[in-house]
Amino acid sequence: QGIFVLGLPYALLHSGYSGLFLIILSAALCCYTGKILIACLYEENEDGQLIRVRDTYEDIANACCKKLSRKLGGIVVNVTQVMELIMTCTLYLVVSGNLLSHSFPYVPVTEKIWSVIAFVTVLPCVFIKTLKIVSKLSQLCSLVHFIIILVVMTYCLTQIHQWSWAKFRLSTEFEDFLVSVGVIIFSYTSQIFLPTLEGYMKNPEEFRCMLNWTHFFACILKTTFALTAFLTWGEETKEVITDNLPSFLQTLVNLWLLTKALLSYPLPFFAATEIVYACISRGHHSNYSSPLFALGVRGSFLLLTLLMAMFIPHFALLMGLTGSVTGAAMTFLLPSLFHLKLKWKKLSFLEKCADISVFILGFLCSLAGIVCSIKGLLEVFG
């Protein structure tokens, strides 16, 4: 459950009843592409048993593109992954600066300085060496997220006397609907992390079951939260729903959101540095395997995210453009394409149709997102 969840009521404002359907459909599609991506890690041996022959998204890509080039697929996937992960880390710093600025408006400090202060709190990330530490931080992040959701929903339930289903619309503007599609779909994305997470599981055979339950509960939570918040504020629903809260609650929730953003930072940071470190150290050079070198890689990435947070103008629009390209590619396009390529002979007709449909849908979502983001950038730059 990411910060995107707080934008779901705004998405419902622009999509109406179709938005509710889209929340459910997105959960099903993202769960499906997660499963087929992990299926690409395995091959059957002579006894018909499934053996894990690949470890990463990169390995899957290389296996699919080996006739063209032995490393081309892996390079494309790694660049795409690192771009999205670094952008995500940068966004957390930008969001942290924004939240601190709104929480302490009387302190004469700019948002950029607040971002630097937030950056200082994530400096210990350079010492994270295993996913176990990241999982503990992510667990705390989930706890904070539920507190935020609970506070917002409790307030909404106190306003139940104002609820009206008449606030829902059937017809929507096409461009507004596309914005909603982006917010809803990308609130579910997790494919980048799945090969690593599955590899670290004590019982990998329970992965599919875990994916089913997590997406089911995510869908229930997102639908309930988006619906109660939208019915409370209707046409006045803001882009980030916490901005609709009364001032005494807003400051408190903003501080919780800040905590969540900072606790969310280690997971994409760890994933990005692991990818880069693995690519660099593949040459088996002794200097590349030293702890000092690993520390240098993580430190460089930390500074890169800070510099991007400080100097990239109109970051939200650039994030939308990057998300439309990398997010759709990693979530829909590549998993379905790789699954078709590696498992074509073993797939049934219906499975092939499902993969092709997901690929087409992902392509259309990506294209629409790119067009909307570029249009927004052109308007901003005049």
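Which residues of α10 are buried? I started my notebook with that. This is a predicted model, and I kept that in mind throughout.

**Entry 1: helix α10**

I listed the buried residues of α10 as L249, Q250, V253, N254, L257, L258, K260, A261, L263 and S264. I then looked for what lies over them. The cover includes α4 (72-103), α6 (131-158) and α11 (266-280).

I checked the length of the helix next. α10 covers residues 247-264, which is 18 residues. At 1.5 Å a residue, α10 should span 26 Å. I found its end C-alpha atoms 25 Å apart, so the length agrees with expectation.

**Entry 2: L255**

I picked one residue in helix α10, namely L255. Is L255 buried or exposed? Neither label fits: L255 has a relative accessible area of 32%, so I noted this residue as partly exposed. The band for that label lies between 20% and 50%.

I looked up its contacts, leaving out residues up to four places away in sequence. L255 touches S103 and F104. I also took one long distance. From L255 to G327 is 28 Å, C-alpha to C-alpha, with their positions 72 residues apart in sequence.

**Entry 3: α10 against α11**

Two packed helices are described by the angle between their axes and the distance between the axes. I looked up both for this pair. α10 and α11 pack at about 15 degrees, and their axes are 5 Å apart. Angles under 35 degrees count as roughly parallel, so α10 is roughly parallel to α11.

Which residues make the contact? On α10 they are L262, L263 and S264. On α11 they are P266, L267 and P268. I sorted the residues of this contact by type: five nonpolar, one polar and no charged.

**Entry 4: helix α11 and T273**

I moved on to α11 itself. α11 has 15 residues. From its first C-alpha to its last I read 21 Å, close to the 21 Å expected at 1.5 Å a residue.

The buried residues of α11 are P266, P268, F269, F270, A271, A272, T273, I275 and V276. What do they pack against? I noted α4, α6, α10 and α12 (291-311).

I took a closer look at T273 in helix α11. Its relative accessible area is 3%. Buried means under 20%, so T273 is buried. Leaving out residues up to four places away in sequence, T273 touches V297, R298 and F301.

**Entry 5: helix α6**

α6 has 28 residues and should span 40 Å at 1.5 Å a residue. Its end C-alpha atoms are 40 Å apart, which agrees.

I wrote down the buried residues of α6: L131, V134, C141, V144, H145, I148, I149, V152, M153 and C156. These pack against α8 (194-200), α9 (207-233), α10 and α11.

**Entry 6: α6 against α11**

At what angle do α6 and α11 pack? I noted about 160 degrees, with the axes 9 Å apart. Angles over 145 degrees count as roughly antiparallel, so α6 is roughly antiparallel to α11. The crossing of α6 past α11 is left-handed.

I listed the residues that meet. L131, V134, L137 and S138 come from α6, and P266, L267 and F270 come from α11. By type, the contact of α6 with α11 has six nonpolar residues, one polar and no charged.

**Entry 7: α3 against α4**

I turned to helix α3 (residues 57-64) and α4. Their axes come within 6 Å and cross at roughly 145 degrees. α3 passes α4 in a right-handed crossing.

From α3, the contact uses Y57, E58, A61 and N62. From α4, it uses L72, G73, G74, V77, N78 and Q81. I counted types here too: four nonpolar, five polar and one charged.

**Entry 8: R54**

Where does R54 lie? I found R54 in the loop between β2 (50-52) and α3. Its relative accessibility is 12%, so R54 counts as buried.

I looked up its neighbours, again leaving out residues up to four places away in sequence. R54 touches C40, L41, Y42, E43, D59, I60, A63 and L342. Last, I took the C-alpha distance from R54 to A328. The two are 274 residues apart along the chain and separated by 23 Å.

Definitions and conventions
Residues are numbered from 1 along each chain as its sequence is written. This is a predicted model: local features need pLDDT of at least 70, side-chain atom pairs count only at pLDDT 80 or more; totals for chains, interfaces and linings use all residues. Side-chain values use heavy atoms; hydrogens and water are left out. Helices (H or I, at least four residues) and strands (E, at least two) are DSSP runs, numbered from the N terminus. The expected span of a helix is 1.5 Å times one less than its number of residues. Buried means under 20% relative accessible area, exposed over 50%, partly exposed in between (1.4 Å probe, protein chains only). Contact means heavy atoms within 4.5 Å. Axes are lines fitted to C-alpha atoms, for helices over the stretch in contact, and angles run from 0 to 180 degrees between N-to-C directions. Angles under 35 degrees count as roughly parallel, over 145 as roughly antiparallel, 65 to 115 as roughly perpendicular and the rest as oblique. Ala, Val, Leu, Ile, Met, Phe, Trp, Tyr, Cys and Pro count as nonpolar, Asp, Glu, Lys and Arg as charged, and the others, Gly among them, as polar. A crossing is left-handed if the near helix is turned anticlockwise from the far one by less than a right angle, and right-handed if clockwise.
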